[in-house]
Amino acid sequence: MERRDCVVVGAGWYGLAAARQFHHTHPNSSLAVYDSQSSLGGTWAEERLYPGLKSNNLLGTYEYPDFPMSPDKFGVKPGQHIPAETIHRYLKAYAEHNNIDQLIHLNTKVVTAEHQDVGTGGWVLTLANSDQAQGETRKVFAHRLILATGLTSEPLLPRFEGHEVFGGRIFHTKYFKQNSDTLDTAKAVTVFGASKSSWDAVYAYATSGVKVNWVIRSSGRGPCWMAPPFVTPLKKWIEKLAHLRPLTWFSPCIWGDVDGYSRIRKFYHGTAVGRCIVDGFWKALGGDVLTLNKYDEHPDTAKLKPWTEPMFTGASFSLLNYDQDILALVRSDMVNVHIGDIDHLSQGKVHLTDGLSFDSDVILANTGWKHVPAIKLLPEGIERELGMPHHWEKPGYAPTADLANRHDLVAQADEEILRRFPRLKRQPVWNKNYKPLASKGIGAEDDGTSYTPLTPYMLYHFLVPASPRFLRYRDTAFTGVMSNFSNSITAHVSGLWISAYFMDQLDVDPADALCDEVALRKLQYETVLFNRWGKWRYPTDWGNKNPNFIFDAVPYLDLLMRDLGLNQYRKKNWLAELTDPYGAEDYRDINHEWVMKQIAKKAVDD
């Protein structure tokens with residue numbers, strides 16, 4: 001059996017950063033990265049780059065801190081959104097620059113992972129070739145395992161009633177590129193869904209001269225927020241606004257006090273006057289977006305107004321990054337927007353529950369993703385202690401290590417969250433008639449979907465299991481189960497955090513709680529508290545799924561920097577801390593700082 005000191009599963013933004021950090025901090029250790037796709041990049045893998053795909057981010061806000069995306073090398077100018085092909089090329093260059101490109105094994109699927117509860121722990125992985133349905137498998141032992149399978153790996157494709165007689169293509173957004181010939185061959189298409197990828201698909205077909213019927217479920221979550229890159233009367237860059245420290249104080253953040261500004265946070269969220277100011281901020285931000293988009297100028301664009309409140313919206317908040325005005329296309333005859341539910345399909349037609357039907361050659365379903373990695377984890381039931389999504393249990397039926405089903409801790413966390421942040425008691429009613437996607441005419445086949453209620457991820461600082469079993473071995477970590485506007489920075493910092501955790505070199509180390517029952521209870525409660533907070537703070541984006549936040553990213557990075565023992569205040573002075581938005585450049589030197597810190601520690605110990 002092959003043996004590796006560390007295995008990373010997934011070669012997207014987070015997996016590459018985790019591999020880079022482990023390789024640089026453990027230069028003499030063996031490392032392998034496995035990815036089931038035929039190219040690296042995760043969402044930005046070559047086989048997933050559908051026509052017209054770009055980043056929400058403008059140049060400068062979607063790059064690793066230690067590897068700038070220079071305009072000269074990558075051909076993107078300041079103020080431009082980044083083409084998908086450029087992002088893919090950038091990620092390949094990053095892997096080559098950091099000497100991990102030769103460690104990546106593509107077309108390699110991890111079928112099973114079995115934890116070893118003997119000796120120093122570790123995992124036995126069963127690998128298979130992704131291209132072969134029934135091919136040979138092989139075993140690899142990984143002393144440490146980093147799961148970086150991401151949030152958009154396994155598509156969730158509904159089964160429509162009448163699909164067998166429809167006669168046209170039905171495919172998930174993940175496979176848009178493989179079906180991009182329909183941009184030339186189709187006369188009419190149905191786009192089913194309302195998130196950013198649906199907007200992209202509508203734009204691609206409409207600009208290709210294809211008639212689009214855009215179906216947004218009346219029983220769903222409604223259209224996502226879509227903002228211009230520059231908002232407010234001062235035309236501020238919205239991605240920068242989310243990383244301006246004083247504006248992060250307007251978010252009722254459970255870990256926010258780690259930034260050292262607890263007094264101002266307590267005023268904003270603990271007093272009636274402060275909460276009025278907070279409500280005013282979010283109302284102004286949302287109102288400005290609605291005004292700039294001029295939704296009410298046409299009946300179809302009016303249907304695209306988001307149903308959620310901006311304060312309670314997470315990383316589904318997206319940007320208008322199109323060369324043409326997509327809202328003008330919606331106002332034209334090329335696009336019809338329907339708020340309704342699909343009842344069934346017939347030959348060449350889509351039928352809605354309100355009786356409306358229309359011709360369609362193609363159905364593109366932008367219906368989300370399974371939020372559980374497609375890896376069989378063993379022994380059976382181990383996902384409870386790992387802190388991965390699994391089935392809910394009645395009170396008293398789950399083991400104590402199953403934090404998601406510790407109803408006593410959940411109740412305690414809810415009480416603290418609502419006491420500290422009374423504004424969260426007034427939850428938005430975004431759709432009184434909401435139903436999971438499995439409804440009339442649509443079905444699902446397995447767990448790990450939005451149809452089957454599962455527990456949320458329950459990881460310490462969203463990175464490692466909080467159970468004694470895994471803290472003891474230090475052999476397991478997750479990265480990329482969260483989403484925010486700072487993914488490239490978060491990937492870099494969390495990758496270093498994981499490497500330090502594996503080496504017992506964190507200043508604030510969760511494994512230190514193993515020898516202290518009181519400390520362990522505190523650590524596990526904090527884990528429940530942080531994850532439960534997401535249900536109240538971001539009820540649609542996070543809810544009972546994965547961590548998902550925007551204005552809380554800077555204090556989250558503060559949290560990881562504190563754990564690493566590094567200075568979380570990255571600006572030159574206090575004025576810059578309050579006026580200069582945080583960006584990748586502020587974390588460029590953290591690896592050097594961390595290495596120097598370890599050298600100093602060793603000198604003291606010697």
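**Close-up views of a sheet and a helix pair**

**View 1. Ile-170 meets its partner in β21.** The bridge partner of Ile-170 in β21 is Ile-363. The strands β10 and β21 (residues 362-365) run parallel and are joined by 4 bridges; two strands pair if DSSP finds at least two bridges between them. Strands (E, at least two residues) and helices (H or I, at least four) are DSSP runs, numbered from the N terminus. A word on the source: this is a predicted model, in which local features need pLDDT of at least 70 and side-chain atom pairs count only at pLDDT 80 or more. Residues are numbered from 1 along each chain as its sequence is written.

**View 2. Here is the open sheet of 5 strands, with α6 packed on it.** The order is β10-β21-β11-β12-β17, with parallel pairing. β10 (169-172) and β17 (335-339) are at the edges with a single partner strand each, so one side of each has no neighbour in the sheet. On average, neighbouring strands are turned by 20 degrees against each other, direction ignored. Helix α6 (residues 196-207) touches β10, β11 (188-192), β12 (211-216), β17 and β21, and its direction makes about 165 degrees with that of β12. Contact means heavy atoms within 4.5 Å; angles run from 0 to 180 degrees between N-to-C directions.

**View 3. Now for the packing of α14 and α17.** Helix α14 (residues 407-420) and helix α17 (residues 517-537) pack at about 60 degrees, with axes 9 Å apart. Axes are lines fitted to C-alpha atoms, for helices over the stretch in contact. Among the contact residues are Leu-409 and Ile-417 of α14, and Trp-533 and Trp-536 of α17.

Definitions and conventions
Heavy atoms only, no water.
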